[in-house]
Amino acid sequence: MDKTIVTAAITGAIHTPSMSPYLPLTGNQIIEEILAVHEAGGAIAHVHVRNEESGLPNADQDIFRRIGEEVKRHCDIIICFTTGGRLGEPVENRVRVVSTLHPELASLNAGSLNFALFHIADRVNEWKQSWEKGYLEATEDFIFPNTFRTMREFLTIFRGNNTKPEFEIYDVGMVNNLAYLIKAGHADEPVHLQFVMGILGGIPATCDNLIFLLNTAQKALGRFTWSVCAAGRAQFPMCTQALLLGGHVRVGLEDNLYLEKGVMAKSNAEQVSKIIRIIRELGGEPAAPDEARAILGLKGLDKVNY
Ligand code: KMH
Ligand code: ZN
């Protein structure tokens, strides 16, 4: 049995500063969180960046680079940079991190969806920043654009930089999109999938649905590796089901701000430690970064441009 790759999605572009005092916002906070995740046994950090004053998610190339360089100076964790970025970021800005930093791994969203966050705005009583409410509410009418053209163009850039895509699959039709991209010669096998469950606009986070996604992928794709993440309180139950089915897992404050019911996670590392306890209870072992590189077939940290 392969070891389990634990990813931590450090800050994302879903949660806003008013939702948790523990959400990392600045480059330095993100770096500290990544180093603590590595210390706790995580193999991959999935990284978004934000405006350092306001916490608004953005695609600031200088912060991406600073994070890459500083983390690399201290440890060998794999960084999976986002090309999803902030809701509403132009697609050409989203992919720039791949052309400039040539990372080992980066996210590639496998289809378009009405990525809805407006319903979580109701839970906030007091807003810290002026952009937050409007950012969330606008998603009632927002399609996160990942057309076939965008995916093909992103894949050309990924291939040119030897960056492995982590395909974000929000619903079952996106497995079909990916099957097309492989057949058309745009995506290289084996592919790596991240099933992202429980986003409003995407597939609900249920046990049946994970089996459905997996069965569909097994029928439609060739060789692949896969991981699961889920929004909110579904995070640990769905990750545990992924472990039972032989998959890899992603935790982190991008997806869930809690450690357990009513208890906020004070860091990404706390969630990493919890999922590693579950992995070990089930007889598994977390993969070290180099073991994760071997499982995913990554080019290596010596070949990135940061
Ligand atoms: N920011 C969301 C719209 C990714 O990192 O590629 C999507 C997202 C996926 O977070
Ligand atoms: Zn992300």
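This report describes two pockets and a zinc site in a predicted model.

## The largest pocket

The largest pocket in the model encloses a volume of about 800 Å³, and its lining is made up of 31 residues. Those lying nearest the centre of this pocket are Arg 123, Gly 232, Arg 233, Asn 256 and Tyr 258.

In terms of secondary structure, helix H8 (235-244) and strand E11 (258-260) each contribute at least two residues to the lining of the largest pocket, and it is E11 that provides the largest share, with three residues. Sorted by class, the lining of the largest pocket comprises 16 nonpolar residues, together with eight polar and seven charged ones.

## The second largest pocket

The second largest pocket holds about 270 Å³ of space. It is lined by 19 residues, among which Asn 162, Thr 163, Lys 164, Pro 165 and Asp 188 are the closest to its centre.

Helix H5 (148-160) and strand E7 (164-169) each supply at least two residues of the lining of the second largest pocket. By class, nine of the residues in the lining of the second largest pocket are nonpolar, while four are polar and six are charged.

## The zinc site

The zinc ion (ligand 2) has three protein donors, namely His 46 through NE2, His 48 through NE2 and Glu 254 through OE, which lie 2.1 to 2.3 Å from the ion. Along the chain, the donors of the zinc ion (ligand 2) follow the spacing H-x1-H-x205-E. Of these donors, His 46 and His 48 are both buried.

Key:
Residues are numbered from 1 along each chain as its sequence is written. Chains are lettered from A and ligands numbered from 1 in the order in which they are written. This is a predicted model: local features need pLDDT of at least 70, side-chain atom pairs count only at pLDDT 80 or more; totals for chains, interfaces and linings use all residues. Side-chain values use heavy atoms; hydrogens and water are left out. On a 1 Å grid over the protein atoms alone, a cavity is a set of points where a 1.4 Å probe fits but cannot get out, and a pocket is an open set with protein on both sides within 12 Å along at least five of seven lines; lining residues have an atom within 4 Å of a point. Grid points are joined across faces, edges and corners, and a volume is the space filled by probe spheres set on the points. Helices (H or I, at least four residues) and strands (E, at least two) are DSSP runs, numbered from the N terminus. Ala, Val, Leu, Ile, Met, Phe, Trp, Tyr, Cys and Pro count as nonpolar, Asp, Glu, Lys and Arg as charged, and the others, Gly among them, as polar. Donors are N, O and S atoms within 2.8 Å of the metal (3.2 Å for Na, K and Ca); water is not among the atoms, so sites may look incomplete. Buried means under 20% relative accessible area, exposed over 50%, partly exposed in between (1.4 Å probe, protein chains only).
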